[in-house]
Amino acid sequence: MDESWVNSAERIGADLHLELSGPGGRRAALIRALREAVRGGRLAPGTRLPPYRSLAADLGVARNTVADAYAELVAEGWLTARQGSGTHVADRAEPLRHAARVPRKAPPRARGPRHDLRQGTPDASSFPRETWLASYRRALQQAPNEVFGPGDPAGRVELREALTEYLARARGVRSEPGRIVICSGFAHALRLLFGQDRGGGGGVLRGPLAVEAYGLGFHRGLLGAAGVRTVPLPLDERGARVERLGRERAALLTPAHQFPTGGPLDPARRAAVVDWARARGGVIVEDDYDGEFRYDRKPVGAVQGLDPERVIFVGSVSKSLSPAVRLGWMVLPERYVDDVLAAKGEREAWASVLDQLSLADFISRGSYDRHVRRMRQRYRSRRDRLAAALAAQAPHVEVTGVAAGLHAVLRLPPGTERSTVKAAAWQGVALDGLAEFRHPDTDMAARDGLVVGYATPSEHAYGAALDALCGVLPPGE
């Protein structure tokens, strides 16, 4: 770092004459004071601001207070920050004259983010249109007349047979067609298992339900609407701490790749949770949401393979193919099959029978395997580009959970997550803060971070999305 700049920046810190007064805490007061200094022209566009520690020492506040204030003003457009070059007054932050006399117009409503780095969706531009269309045509031409009548609630036998072979080969699942029930995705499976699908009454399974301390809030909300109380299990580097399981009779886990923090469930814990289910007469709901996408090690087989009578295995094509193909599956212990079919109803009301036949053809002809292999290579390249961009532009930000899946977790300095998410939104970057996934009742220590999806942007837009991401990250010391 240029020593002359450090000395001049520290002198600026001593001469800013910032008055920290007014309502709110020290952070709010510092933000107001810096805004006024820019508005009044005391801090001209391009001025380099002092480092956190220097300004914090001058003002007698914590370094995190200064860091958070800087991040907030970056989000609002008053300041700019870049790794290795410090924090500056933005070029467009001209002093305002007679601002009180000029009516402010509401900003135009945004039509969507410029860069979508949210987790949970694959690259829509990569959908295999030609091979899917070929499978659809074959399915339509070869379909027996009965296909165009009321559907079997278990799903078409052609798809259940294709899934039996594929899941055994790719995920180590032990099953047979009669124990597979087709659904429209994981959320639909939860509704069938816990009763909301029929107006919230009854349910194949009853709560309380053990869940991981970090997971999708949407799923917790769905379960809560069905009257199911969820009990959070803390996480560590070995996955969910299943030794904390108590009197619950069911547990919902993501053992192949914990969502969203990453990493598989430790082998000893996989065995331990099966032992717990046997001892309690309980069941494990295994969410295999992106089990096909492993990059740095061999695929982790399904927990279901350890005991098919104690695990409900749930998967879908929402990550591997597209969420627009509303198809998923439950591989059930034998004792639950009739109850799930009763909950679903006498006729198929959710999953298109023609789509089921198309997916059966797509799997049976090897098209699904080829598509997954192609996308695995593409997403691995995306992951590597993300890691390289962060290493070059924000080396102080740790990247975790990248051995599998479609997203990474970026660890942030304590106290900076909220302002970073806000800064990203201001700059048109859509992403998720780690806090959004934290169970409200967990006693696990909170972590600051970002959940960054690298699958959603199209190939041509990905580089710009990475640059925009690096531009909103908090600077290192």
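**Buried residues, helix α11 and internal cavities**

At a relative accessibility of 0%, Cys-183 counts as buried, since the cut-off for burial is under 20% relative accessible area. Cys-470, with a relative accessibility of 8%, is also classed as buried because this value falls under the cut-off. A search of the whole structure, which is a predicted model, returns zero disulfides.

The protein chain comprises 14 helices and 17 strands. Of its 477 residues, 54% are buried. Among contacts between residues at least 6 apart in sequence, 76% join residues that are at least 24 apart.

One element examined in detail is helix α11, which covers residues 353–364. At 1.5 Å a residue, the 12 residues of α11 should span 16 Å, and the C-alpha atoms at its ends are 16 Å apart, so the expected and computed spans agree. The N-terminal end of α11 is capped by Ser-352, a side-chain oxygen of which lies 3.4 Å from the backbone nitrogen of Leu-354. Just after the helix, Gly-366 adopts a positive phi of about 85 degrees.

Because 10 of its 12 residues are buried, α11 is largely enclosed by the rest of the structure. The buried set consists of Val-353, Leu-354, Gln-356, Leu-357, Ser-358, Leu-359, Ala-360, Asp-361, Phe-362 and Ile-363. Polar residues such as Gln-356, Ser-358 and Asp-361 are thus listed together with Val-353, Leu-354 and Phe-362. These buried residues pack against three helices and two strands, namely α5 (129–142), α6 (157–171) and α12 (367–393), together with β4 (180–183) and β12 (328–331).

Leu-163 provides a view of this packing from helix α6, where it is located. With a relative accessible area of 0%, Leu-163 is buried, because that value is under the 20% cut-off. Apart from neighbours within four places in sequence, Leu-163 is in contact with Ala-168, Ile-180, Ile-182, Trp-329 and Ile-363. Of these partners, Ile-363 is among the buried residues of α11. Trp-329 is 166 residues from Leu-163 in sequence, while the C-alpha atoms of the two residues are 8.7 Å apart in space.

Helix α12, against which buried residues of α11 pack, contains Arg-382. Arg-382 has a relative accessibility of 1% and therefore counts as buried. A polar atom of the Arg-382 side chain lies 2.9 Å from the backbone oxygen of Tyr-454. Leaving aside neighbours within four places in sequence, the contacts of Arg-382 include Asp-123 and Tyr-462. The remaining contacts of Arg-382 are with Tyr-454, Ala-455, Thr-456, Pro-457, Ser-458 and Glu-459.

Five cavities of 30 Å³ or more are present in the structure. The largest has a volume of about 110 Å³. It is lined by 14 residues, of which Ala-71, Val-74, Leu-473, Pro-474 and Pro-475 are the closest to its centre. Elements that give two or more residues to this lining are α4 (63–76), α13 (417–426) and α14 (462–472). Helix α4 makes the greatest contribution, with four residues.

Terms used: Residues numbered from 1 in each chain as written. Predicted model: local features only at pLDDT ≥ 70, side-chain atom pairs only at ≥ 80, totals over all residues. Heavy atoms only, no water. Expected span 1.5 Å × (residues − 1). Buried < 20%, exposed > 50% of the residue type's maximum accessible area, 1.4 Å probe, protein only. Contact = heavy atoms within 4.5 Å. Polar contact = N/O pair within 3.5 Å; in protein donor to acceptor, adjacent residues only side chain to side chain. Disulfide = S-S within 2.5 Å. 1 Å grid on protein atoms, 1.4 Å probe; cavity = no way out; pocket = protein on both sides within 12 Å on 5 of 7 lines; lining within 4 Å. Points joined across faces, edges and corners; volume = space filled by probe spheres on them.
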